[in-house]
Structure formats: structure tokens, C-alpha cells
Amino acid sequence: MLTSTKNPLVKQLRSLGESAKDRKEQGLFLIEGTHALTEAIATAYPLSIVCCTEKWIAANPDLYEQIAGSEEIERLEIVSEEVLQAIATTKNPDGAIAAALMPSRTTSREIAHINSLGLALETIQDPGNIGAIVRSAVAVGIDGMLVSSDSVDLTNPKIIRATAGQWFRCAMQTSTDIAEDIRTLQSQGIKVIATLANAPKTYWEYDFTQPTLILLGNEGNGLSPELIELADAAVSIPQSDRVESLNVAICAALLLYEAKRQRSYPKSQNGVAIL
């Protein structure tokens, strides 16, 4: 059992939770908690290092056996509660932490799979927002999501926690030139819609049954003029005059579920939903 908090492994793993630069240099990112670890294993996501306590093993014997029997995991360490706490980015870790290989989906050549419904996020700074958007995206079943490179790092531990394990089920890509990637999708027949507070057309009026990419912008400033100019259409979300704006994750959920509603319950010619 690893009991020293001064062990080099502790410093290595802790740095993954603290620094995007260290994650990039090591090619690893941190997974914290049983839920996230379970989803990583269920989706066959490549893990490099797993640390867990004896108490956690006793509570999760089947999951531990899966981990111990994996030939792909390079290192499995049983650690003390103190060591796990020294690694964790949360105050009360539940007994398991892992280091996973960094995702390699980083080039525009890999966006062709967005052929029905997708998201493009520009300069989103709050990891909690991206985490909540990922959960909605997976629940609706979108094809994939583009995230501009000036947004919060997608391997930020707060994002992974906020997704409740759904991070591993969402096809995400960091885009170094999101405008160019959007143009590529447009050339493939995808309609691009911008979300604007002053757009005369509401999202209820947009036809989401056609292949669509939804653009969502920065929490404070919204979409850039360049992406607004690229959009084929713009929609607004009706709200009370007493409310200045909605949280970007709420906006994403509303638009995605309107798309799901339209696709799940098509209307007849007289406007009555066909059930």
C-alpha cells in the first residue's frame, strides 16, 4: 500500500488536476470518483493509472476486479486515505482516482460525424456550464460538439465531475479554428443557427428536423460577430423583460430538447402532433 504523500506518483497525479499545461505535457488527465471511473470503463476509455483505497475495494469488488484484470492499465495502486486526499481536487473523494489518456480528437478532419445535430461552443469559460451542456447533449443524443480552443480545457476535472460521467459518452473536439470548422460542416449540408437575444424568430419557430449545428457563445459576451455572420439563421429564447439573460447551459438544454421534440413528434399538416 502506498502511504506516503511525498511519493512522486502523488505529485504527478495532483498536477493533472491543477494544470492544463501538465495534462498536455503528460498526455494524461484526472478522473475522480466511482461514477466517472465506472463510465470510463464501460465505454472502454483508455486508462493509465488507477489509485484506490482498501475501503473502496471492499465497497466495489466487481469494479476492482475489472480494473485489476485489465491488461491496458499500466499501474494499479492501493493507497491510504491520506494519499488519495492529497491527490484529489475535491474535499471528500470517494476512494478512487485514475489518470486517463488525453483525447486525440483535435483536428477538423474529424468533424464529419456531425451530420444530424451538433453543438459549437465559443469561448465558454465556466467548467460547470460545459459539464451541464455535455449532460444535455448526451441525453438528447447529438452527433458531436465543437469547442473553441479559447474555452476552458475539456479535461478540466470540474467539467468531468459536472458531466456525471457522461463526458466519456460525448463526441467532443477542441477546435483551433472554429469558424473554419463551421464552414466545413456547412459545406456538408449542415444548417448553422446562432442564438441571439434580439433575433426576431424564436427557437420554437425553427425547423430542427433538418441537419443543424447550434452555436452558443461566451457567458458574458455571447457569440462573436464572425460566427454570427456565418450563421444561416438566428433564433431567440423568449423571456421576461425582468430577466437580462439565461445561463448558457440552460439555453443549450432548451434548444436541444426542442430539436428532440420536433424530431420525436412530427406534426401533421393541420399542426397536430402525430403520436
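How far apart are the mean positions of the positive and negative charges of the chain? They are 3 Å apart, for 23 positive and 33 negative charges. The model is predicted, and the legends below go from the whole chain to single residues.

**Figure 1. The whole chain, with its 11 helices and 10 strands.** The C-alpha atoms fill a box of roughly 65 × 40 × 40 Å along the principal axes. Of the 275 residues in the chain, 47% are buried. The chain exposes about 13,700 Å², and carbon and sulfur atoms supply 49% of that area. Among contacts between residues at least 6 apart in sequence, 76% join residues at least 24 apart.

**Figure 2. Packing of helix α7 against helix α11.** Helix α7 covers residues 127-140, and helix α11 covers residues 248-264. Their axes lie 9 Å apart and make an angle of about 10°. Angles under 35 degrees count as roughly parallel, so α7 is roughly parallel to α11. On the α7 side, the residues that meet α11 are Asn129, Ala132, Ile133, Ser136, Ala137, Ala139 and Val140. On the α11 side, the residues that meet α7 are Val248, Ala249, Ala252, Ala253, Leu256, Tyr257 and Lys260.

**Figure 3. Pro211 in the loop between β8 and β9.** Strand β8 spans 191-195 and strand β9 spans 212-216. Pro211 counts as partly exposed because its relative accessibility is 32%, a value that falls between the limits of 20% for buried and 50% for exposed. Leaving aside residues up to four places away in sequence, Pro211 touches Asn115, Ser116, Gly189, Ile190, Lys191 and Arg263. Glu54 is 157 residues from Pro211 along the chain, and the C-alpha atoms of these two residues are separated by 50 Å.

**Figure 4. Thr123 and Ala164, two loop residues with positive phi.** Most residues other than glycine have a negative phi. Phi of Thr123 is near 55°, and phi of Ala164 is also near 55°. Thr123 is found in the loop between β5 (117-121) and α7. With a relative accessibility of 21%, Thr123 counts as partly exposed. Ala164 is placed in the loop between α8 (157-162) and β7 (172-175).

**Figure 5. Gln166 in the loop between α8 and β7.** Is Gln166 buried or exposed? Gln166 is buried, because its relative accessible area is 19% and buried means under 20%. Apart from residues up to four places away in sequence, Gln166 touches Glu39, Val134 and Val138. Gln166 and Ala259 are 93 residues apart in sequence, and their C-alpha atoms are 20 Å apart in space.

**Figure 6. Ala59 in helix α4.** Helix α4 consists of residues 54-59. Ala59 counts as exposed because its relative accessibility is 59%, and exposed means over 50%. Between Ala59 and Pro127, which are 68 residues apart along the chain, the C-alpha separation is 30 Å.

Key: Residues numbered from 1 in each chain as written. Predicted model: local features only at pLDDT ≥ 70, side-chain atom pairs only at ≥ 80, totals over all residues. Heavy atoms only, no water. Helix = DSSP H or I, 4+ residues; strand = E, 2+ residues; numbered from the N terminus. Buried < 20%, exposed > 50% of the residue type's maximum accessible area, 1.4 Å probe, protein only. Contact = heavy atoms within 4.5 Å. Areas by Shrake-Rupley, 256 points an atom, 1.4 Å probe, with all protein chains shown as cover. Lys, Arg positive; Asp, Glu negative; His and termini not counted. Charge placed at Lys NZ, Arg CZ, Asp CG, Glu CD. Axes fitted to C-alpha atoms, helices over the stretch in contact; angles between N-to-C directions. Parallel < 35°, antiparallel > 145°, perpendicular 65-115°, else oblique.
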